[in-house]
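Hi,

Here is the structure I said I would pass on. Have a look at it first, and my notes on what turned up are underneath.

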Amino acid sequence: MTQSADITVSNVTLRYGSGPKTVLALDGLSLEVKPNEFAVIVGPSGCGKSSLLYLIAGLEDRTGGSITVGGAPVDGPGPDRGMVFQSYTLFPWLTVAQNVAYGPRRRGLAEDERNRLVTHYLGEVGLAGFADHYPAQLSGGMKQRVAIARALANDPAVLLMDEPFGALDSQTRHSMQRLLLRVWDHSQKTVLFVTHDIEEAILLADRVFVMSGRPGQIRKVLTVDFPRPRLGDIVLDPAFIAMKREIMGLLRTDEDDDH
Amino acid sequence: MAFVPYRPIPLALAISLGAAVWALVIGGWMLLTYGGRVPEMFLPAPGKVLMTAGRLIADGSLLMHTAASAQVVLVGFVISSVVAVPLGLYMGTYKAVQAALDPLVNFIRYLPVTSFVPLFILWIGIGIEQRVSVIIFGTFFQQLVMIADAARSVPRDLVNAAYTLGTKRSTTVRHIVFPASLPAVLDILRVTVGWAWTYLVVAELVAAKSGLGYISLKAMRGFQVDIIFLAIAMIGILGLITDQGFRLLRRLVAPWAA
């Protein structure tokens with residue numbers, strides 16, 4: 001297993017377009033995620049939180065600043081940074097098992113090793129019986145579970161998650177959150193998770209990074225020290241509600257700035 | 001029940017509806033001919049066409065001309081597709097390839113193929129190469145544009161996901177764009193093979209010594225309308241067979257996209 005790595009973002013700027021129509025999406029943003037940490041970014045829509053994730057993944061080019069993962073500077077995408085997307089990105093022409101085996105196959109792992117990984121990670125996400133299904137035959141929640149298994153089977157140093165449960169109904173979202181925490185507990189990967197759902201952020205995170213509206217900057221970092229596993233009724237805990245209120249306040253200040 | 005928008009209907013009803021329309025067409029045909037409303041010189045009766053079919057099958061000429069036509073379509077279509085599929089995928093994936101080819105392709109695409117037939121006869125003669133060239137010219141540029149479109153519409157996050165799983169940029173077309181566009185590509189081939197048959201007849205009407213277009217032209221000179229009907233029916237039947245063939249192929253190689 002690859003050692004889980006830290007993520008260091010320093011003074012990153014992202015600018016779209018040129019001339020008078022230029023848009024400053026991120027303005028000198030810095031953050032650090034520790035190895036094995038579960039970090040969550042919350043922010044108003046359009047604040048550039050997804051863009052930040054794409055920059056760390058190397059899928060977009062930053063305008064300025066530096067990003068390192070495990071000490072190595074980010075220059076383009078690579079298998080050391082696994083990612084789960086908001087849209088469904090399973091390869092429709094591959095079965096569930098072949099999707100999970102895709103990364104290991106690109107790395108040139110032998111077939112029995114690939115099969116071992118498929119069995120293990122499909123078991124982790126509770127889809128052992130669906131190995132031979134095609135993605136079109138799965139529900140939205142199942143697709144995202146396979147996407148998590150696919151990312152982890154490739155043994156990345158960090159796992160980037162861009163609102164992966166955003167399109168799911170609340171019932172499914174809650175069970176996905178529990179499943180993700182269990183899988184994270186077993187794998188001990190560094191996770192950087194983007195969401196606009198405050199409750200989801202507190203439920204999952206070791207630390208929550210609250211972003212400001214465009215141009216995006218980190219407004220505040222909150223340490224969440226509720227004991228794990230965090231069970232369902234923790235959302236009713238006064239301390240939980242107080243933290244939720246604080247983050248809502250931070251996001252609201254921002255809306256006021258806009259008007 | 002049968003007229004709720006988009007609602008599926010029972011298979012038996014679907015088959016009966018299709019058969020009913022055929023029966024209507026053939027019934028109308030019989031009414032016009034056996035009823036003596038149209039002279040036989042212009043519209044032969046169904047029985048006459050069937051008898052002619054029997055005669056031409058027996059002497060082997062129908063098979064010979066059908067095979068000649070099918071050969072031209074097959075050769076032209078395969079050559080066109082073998083180049084258009086990979087080139088179209090690269091055109092849809094790489095903006096540089098698109099920028100280089102788009103202006104020329106979109107110019108040629110709107111030129112009527114028929115206007116090139118005299119030029120091809122002058123350059124290539126009236127052999128099979130001429131007819132094959134007409135078919136390639138007629139299908140290639142259309143295929144290219146449609147396949148490039150299919151490649152362009154591959155979701156960007158599908159490619160991004162592949163990158164984060166270790167896919168190299170240089171193999172993106174092979175590992176992602178090609179399989180992701182395969183169902184669309186097969187549909188495009190299914191549609192364009194029909195166009196290939198149209199261009200074949202154009203080519204054969206002008207310059208050929210065999211083929212279904214050629215026997216139609218010869219039959220016109222002898223007022224043998226039954227043979228023209230037969231040739232048209234053969235093209236229809238071959239079109240139906242190729243169409244079903246491509247549907248089957250799509251189910252076999254792309255079972256995930258039902």
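Before the details, one bit of vocabulary: helices (H or I, at least four residues) and strands (E, at least two) are DSSP runs, numbered from the N terminus. Also keep in mind that this is a predicted model.

Let me start with the prolines in chain A. The peptide bond running from Arg214(A) to Pro215(A) is cis, and its omega is near 0°. If you want to find Pro215(A), go to the loop between β9 (207-211) and β10 (218-223) of chain A. Further along, Arg228(A) and Pro229(A) are also joined by a cis peptide bond, with omega about -5°. Pro229(A) sits in the loop that runs between β10 and α8 (238-258) of chain A.

Next, two backbone oddities in chain A. Asp155(A) isn't a glycine, yet its phi is positive, near 50°. You'll see Asp155(A) in the loop between α5 (140-153) and β7 (158-162) of chain A. So is Asp155(A) buried or exposed? It falls in between: a residue needs 20 or more other C-beta atoms within 10 Å to be buried and 12 or fewer to be exposed, so Asp155(A), with 18 C-beta neighbours inside 10 Å, counts as partly exposed.

Gln188(A) is another non-glycine with a positive phi, this one about 50°. Its place is the loop between α6 (170-187) and β8 (190-195) of chain A. Gln188(A) is partly exposed because it has 13 other C-beta atoms within 10 Å.

Now over to chain B, where Leu182(B) is worth clicking on. Leu182(B) belongs to helix α8 (residues 172-206) of chain B, and with 19 other C-beta atoms within 10 Å it is partly exposed. Setting aside neighbours within four places in sequence, Leu182(B) is in contact with Trp93(A), Val253(B) and Ala254(B). Leu182(B) and Ala257(B) are 75 residues apart in sequence, but their C-alpha atoms are 9.4 Å apart in space.

That brings me to where the chains meet. How many residues does each chain bring to the contact? Chain B puts in 16 residues and chain A puts in 20 residues. On the chain B side, the elements that give two or more residues are α7 (156-164) and α8 of chain B. The largest share of that side, six residues, is from α7(B). Sorted by class, the chain B side has eleven nonpolar, four polar and one charged residues.

Cheers

Methods. Residues numbered from 1 in each chain as written. Chains lettered and ligands numbered in written order. Predicted model: local features only at pLDDT ≥ 70, side-chain atom pairs only at ≥ 80, totals over all residues. Contact = placed C-beta atoms within 7 Å. Nonpolar A, V, L, I, M, F, W, Y, C, P; charged D, E, K, R; others polar.
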